[in-house]
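Hi,

Here is the structure I promised to pass on to you. Have a look at it first, and my notes on what turned up follow below.

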Amino acid sequence: MTAPSTFGLSSEARNLHWLLSNLIEEVPGIQSVAVVSSDGLLLLSSDPGFTEAAREAKTEKRKGPRGSAADLATIVSGIGSLTVGAARLMDFGPVKHTMVAMDEGSLFVMSISDGSLLGVHGSAECDMSVVAYHMALFVGRAGHVLTPELRTELRKSLEGDATRSGR
């Protein structure tokens, strides 16, 4: 998995990229990671573009949601919206995290701040407790710095990466 270039970004944005890279490196079995804003826009990703892994996924068994960070962001946003609506109906307070267990993998969604979400897609070999622990560390470190200004900077950074790669 690759992360976009951090050249020209603020120290807060570089720190978030570092936290994301650390999450991916520390937890075996993570397939892809996405940070999504409250309005469903991808802010930060382990797979900002159509990487080599995504190209390979076309020819062999898929290892992620179509190999695309945008697909993972859509799924995370939808699950986040659904669980927030359910929590409001049940009147039990805000949603902290959601886990979807599948035969060949898991999806973890955790609230960051102001409606932003962290989504992690892991393989079947992934230890769910380790994933949840490292996600909580990421959220604890990222939540206080994920300001509206930083979300705008991250979004523009992803748009710039897409433009540079010809997408």
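Met-99 stands opposite Phe-108, a residue of β4. This is a predicted model, so please read everything here in that light. Another facing pair joins these strands, with His-97 placed opposite Met-110 of β4. Strand β3, which covers residues 97-102, runs antiparallel to β4, and six bridges link the two. They make a hairpin, with two residues separating β3 from β4.

On its other pairing, β4 meets β5, again in the antiparallel sense, this time over seven bridges. One of the residue pairs here is Val-109 with its bridge partner Gly-119 in β5. β4 and β5 form a hairpin too, with five residues between them. In that turn, Asp-114 has a positive phi of about 50°.

How much of β4 is covered? Six of the seven residues in this strand are buried, so "mostly covered" is a fair description by the cut-off of under 20% relative accessible area.

That brings me to the interior. In general, nonpolar side chains of soluble globular proteins tend to be buried together. In this model, the largest nonpolar core has 27 residues, and those with the most contacts inside it are Leu-16, Val-33, Val-35, Leu-118, Val-120, Phe-138 and Leu-154. Two or more residues each come from α1 (11-26), β1 (30-36), β2 (42-45), β4 (105-111), β5 (117-123), α4 (128-142) and α5 (148-164). Helix α1 supplies the largest share of this core, six residues.

If you want one residue to click on, try Leu-118. Leaving aside residues up to four places away in sequence, Leu-118 touches Val-33, Ala-34, Val-35, Phe-108, Val-109, Met-110, Ile-112, Met-135, Phe-138 and Val-139. Apart from the largest core lies another one, of twelve residues, and its members include Ala-34, Leu-72, Ile-79 and Leu-107.

Last, something on the outside. Which residues form a nonpolar patch on the surface? They are Leu-89, Met-90 and Phe-92, which together have about 440 Å² of accessible area. Met-90 belongs to helix α3, residues 69-90. With a relative accessible area of 52%, Met-90 counts as exposed, because the cut-off for that is over 50%.

Happy to talk any of this through once you have had the model open for a while.

Best wishes

Definitions and conventions. Residues are numbered from 1 along each chain as its sequence is written. This is a predicted model: local features need pLDDT of at least 70, side-chain atom pairs count only at pLDDT 80 or more; totals for chains, interfaces and linings use all residues. Side-chain values use heavy atoms; hydrogens and water are left out. A nonpolar core is a set of buried Ala, Val, Leu, Ile, Met, Phe, Trp, Tyr and Cys residues joined through side-chain atoms within 4.5 Å. Buried means under 20% relative accessible area, exposed over 50%, partly exposed in between (1.4 Å probe, protein chains only). Helices (H or I, at least four residues) and strands (E, at least two) are DSSP runs, numbered from the N terminus. Contact means heavy atoms within 4.5 Å. Patches are made of residues with over 30% relative accessible area and no salt bridge: like charges are joined within 9 Å, nonpolar side chains (Val, Leu, Ile, Met, Phe, Trp, Tyr) within 5 Å. Accessible areas come from the Shrake-Rupley method with a 1.4 Å probe; for residues, only the protein chains shown count as cover. A salt bridge is a side-chain nitrogen of Lys or Arg within 4 Å of a carboxyl oxygen of Asp or Glu. Two strands pair if DSSP finds at least two bridges between them.
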